[in-house]
Amino acid sequence: MTQSERRDIAGLTCADWNAGADGPTVLALHGLTNTSEVWRALAEALPGSRVIAPDLPGRGGSVTTKAAPGLAGHAAEVVRLADECALDDVVLVGHSMGGYLAPLVAAKLGDRVRKLVLLDGGVLPEPRWTLRRPVVRAQWKLIVRPLGRAFPDAGTFVDQVEGRAIARRPDLRLHLLRWATYLMDGAGRPRVDRARLIDDAVDTLTGAPTLPLLAALDVPVHLILAEHDGDDSTRPFITDRALEAGRTELPRLTAERIAANHVTMLFDEAAPRAVQTQD
């Protein structure tokens, strides 16, 4: 099993896998309600690559880390991390919110970035009434409400919060138990700043598109799309029509769609394959 060293880097709690590996460093950015722990499977699939994954402000070990609002605030913290680690050959990987954050980070790092791999992120979903700012805020107040209470154990958290996502993939339950164990504190409460999560959701889904920021960078950008959103009965988070709109913003964008949902895609071979592909 791949071992990680958890340590503070530039004020963020980070997982640092395969620290002695040569070549480019994978800098992995998680989604709205997740932590660095969701990238363990990617690190295990890339034993020859160093993988650094921060807990972004308001989550996990960085729950009390103060940062400026929205994606721009997260980007500033991640750039500080990259500077402290002297990273100058980086593959940026982002899932969900992290996929919208990655272009902001890339724009600041410039030629230090080798490529970007985005998982269900970067390209905005199709416009619809549920993506209006006040609606998104109201929805996310409901979504994060369960994260404000204590759970008796990690299994209960997985069953009540993430269970539908892995209904057809019981083989992934142990992985999600590990996610939950890391997320929760000693009293069984998820280590999240719910107000920050809500504000980040609003900024991610209703703020200015970030994909166009990559137009000035001459690096490959590959998008991996799941067939389903939160569970296997739902439509995609990013539809084919939304993808085409994204390609008008960044014509060189490449993409593939995989048989997974927004959660299970983190265990698919597509992401490590895209990281390793020589463009």
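Start your tour by selecting Arg 133, Val 136, Arg 137, Trp 140 and Lys 141 in helix α4, then add Ile 198, Asp 199, Ala 201, Val 202, Leu 205 and Thr 206 in helix α7: these two groups meet each other. Colour them by type and you will find 6 nonpolar, 1 polar and 4 charged residues in this contact. Keep in mind as you look around that this is a predicted model.

Now show the two helices in full, residues 133-143 for α4 and 194-206 for α7. Their axes come within 9 Å and cross at roughly 145°. The crossing of α4 past α7 is right-handed.

Stay with α7 and select Asp 200 together with Arg 59. These two form a salt bridge, with 2.7 Å between the closest N and O atoms. Which parts of the chain does the pair tie together? Asp 200 sits in helix α7 and Arg 59 in the loop between β4 (51-54) and α2 (70-84), so the link joins parts that are 141 residues apart in sequence. The model has 18 salt bridges, counted with a cut-off of 4 Å.

For your last stop, select strands β7 (residues 221-226) and β8 (residues 254-258), which pair in the parallel sense over 5 bridges. Zoom in on Ala 226, and you will see Ile 258 of β8 opposite. Finally, trace the chain from β7 through helix α8 (residues 240-249) to β8; this β-α-β crossover is right-handed.

How values were computed:
Residues numbered from 1 in each chain as written. Predicted model: local features only at pLDDT ≥ 70, side-chain atom pairs only at ≥ 80, totals over all residues. Heavy atoms only, no water. Pairing = 2+ DSSP bridges. Helix = DSSP H or I, 4+ residues; strand = E, 2+ residues; numbered from the N terminus. Right-handed = clockwise from strand over helix to strand, strands pointing away. Axes fitted to C-alpha atoms, helices over the stretch in contact; angles between N-to-C directions. Left-handed = near helix turned anticlockwise from the far one by under 90°. Contact = heavy atoms within 4.5 Å. Nonpolar A, V, L, I, M, F, W, Y, C, P; charged D, E, K, R; others polar. Salt bridge = Lys/Arg side-chain N within 4 Å of Asp/Glu carboxyl O.
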